[in-house]
Amino acid sequence: MKANSPIILVRSIVFNICFISWAIISSIIFAPLFLVSASSSLRAGPPWAKGVMLLARLICGVRYEIRGQEHLVEGPFIYASKHQSAWETAFFLVQFKRPAYVLKRELLHIPLWGWYLWRMKMIYIDRHAGMSAMKDMIRQSKECITNGRPIIIFPEGTRMKPGAPPHYHPGVVALYSQLKVPVIPVALNSGLYWGKNAFIKYPGTIIVQCMPPIPPGLAKEEFNKKLQETIETASQKLLDEANAA
């Protein structure tokens, strides 16, 4: 796979045009759901995400495989996922009907898309608000768990390149200690094919590895260590596996 391959370049150009077009079209199509209620607006997520997955597969040859599918279930769980690409933000919308993402408040200012995020009652964090931001995140998360929604959190807070040194933020530990629900670690290698801020999309199979849930009740330090070791070890194995292929 080479960035200067004419075929890959042309496919990436076509994909990005279609990706932006589909984002605009779907925002218009699902606008009535946005206007009706928060619960109805949640129905807009899966069709948009499925469209993105379809475009990525047909145009760029980006497919995916789920390992540990039995751990990917609906319900009041926390999914703590590695974050390498925009791809996984679509992935969880395909897998779940009503996921609640933990995201930075700035995303709410994106025209159309940000309005949907607000209407869908995602869990947003004002990263400049200090401890009050953490308390607000926990409050929103408890409401989601009470309503049976799975919570998706990217513990590193931003997209990281494959193999980059991990940097986990305390938010996931706070959710684990306060919500008292299982946390399911998720490793992946999406950054190899759909990189952070990368225009080029490479053909290949993204692997999503879902590990057994970490039960509630562990000490914060023990949980944090177990979560990082589980996710990082599995992510490195996926990277090594892809490099060896």
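In the predicted model, residue I78 forms part of strand β2, and its relative accessibility of 0% places it among the buried residues, since the cut-off for that class is a relative accessible area under 20%. When neighbours within four places in sequence are left aside, the contacts of I78 comprise I151, I153, L175, Y176, L179, V181, P182, V183 and I184. Two of these partners, L175 and L179, also take part in the contact that helix α8 makes with helix α7. The separation between I78 and K135, by contrast, amounts to 17 Å from C-alpha to C-alpha, with their positions 57 residues apart in sequence.

The loop that connects β2 (78–81) to α5 (87–95) contains Q84, a residue that is likewise buried, its relative accessible area being 4%. A polar atom of the Q84 side chain is placed 2.9 Å from the backbone nitrogen of G191, and G191 also appears among the residues in contact with Q84 once neighbours within four places in sequence are excluded. The other residues in that set are R159, M160, P162, L188, N189, S190, L192, W194, G195 and K196.

Two packed helices are described by the angle between their axes and by the distance between those axes. For helix α4 (residues 45–60) and α5, the packing angle is about 130° and the axes are 8 Å apart, so that α4 is oblique to α5. The crossing of this pair is left-handed. On the α4 side the contact is formed by G45, P46, W48, A49, K50, V52 and M53, which meet W87, A90, F91, L93 and V94 of α5; by residue class, the contact consists of 10 nonpolar residues, one polar residue and one charged residue.

Helix α7 (residues 131–146) and helix α8 (residues 171–179) have axes that come within 10 Å and cross at roughly 50°, and α7 is therefore oblique to α8. The crossing in this case is right-handed. The residues contributed by α7 are M134, M137, I138, S141, K142 and I145, and those that they meet in α8 are G171, A174, L175, Q178 and L179. The contact between α7 and α8 is made up of seven nonpolar, three polar and one charged residue.

How values were computed:
Residues are numbered from 1 along each chain as its sequence is written. This is a predicted model: local features need pLDDT of at least 70, side-chain atom pairs count only at pLDDT 80 or more; totals for chains, interfaces and linings use all residues. Side-chain values use heavy atoms; hydrogens and water are left out. Helices (H or I, at least four residues) and strands (E, at least two) are DSSP runs, numbered from the N terminus. Buried means under 20% relative accessible area, exposed over 50%, partly exposed in between (1.4 Å probe, protein chains only). A polar contact is a pair of N or O atoms within 3.5 Å; within protein, one must be able to donate a hydrogen and the other to accept it, and residues adjacent in sequence count only if both atoms are side-chain atoms. Contact means heavy atoms within 4.5 Å. Axes are lines fitted to C-alpha atoms, for helices over the stretch in contact, and angles run from 0 to 180 degrees between N-to-C directions. Angles under 35 degrees count as roughly parallel, over 145 as roughly antiparallel, 65 to 115 as roughly perpendicular and the rest as oblique. A crossing is left-handed if the near helix is turned anticlockwise from the far one by less than a right angle, and right-handed if clockwise. Ala, Val, Leu, Ile, Met, Phe, Trp, Tyr, Cys and Pro count as nonpolar, Asp, Glu, Lys and Arg as charged, and the others, Gly among them, as polar.
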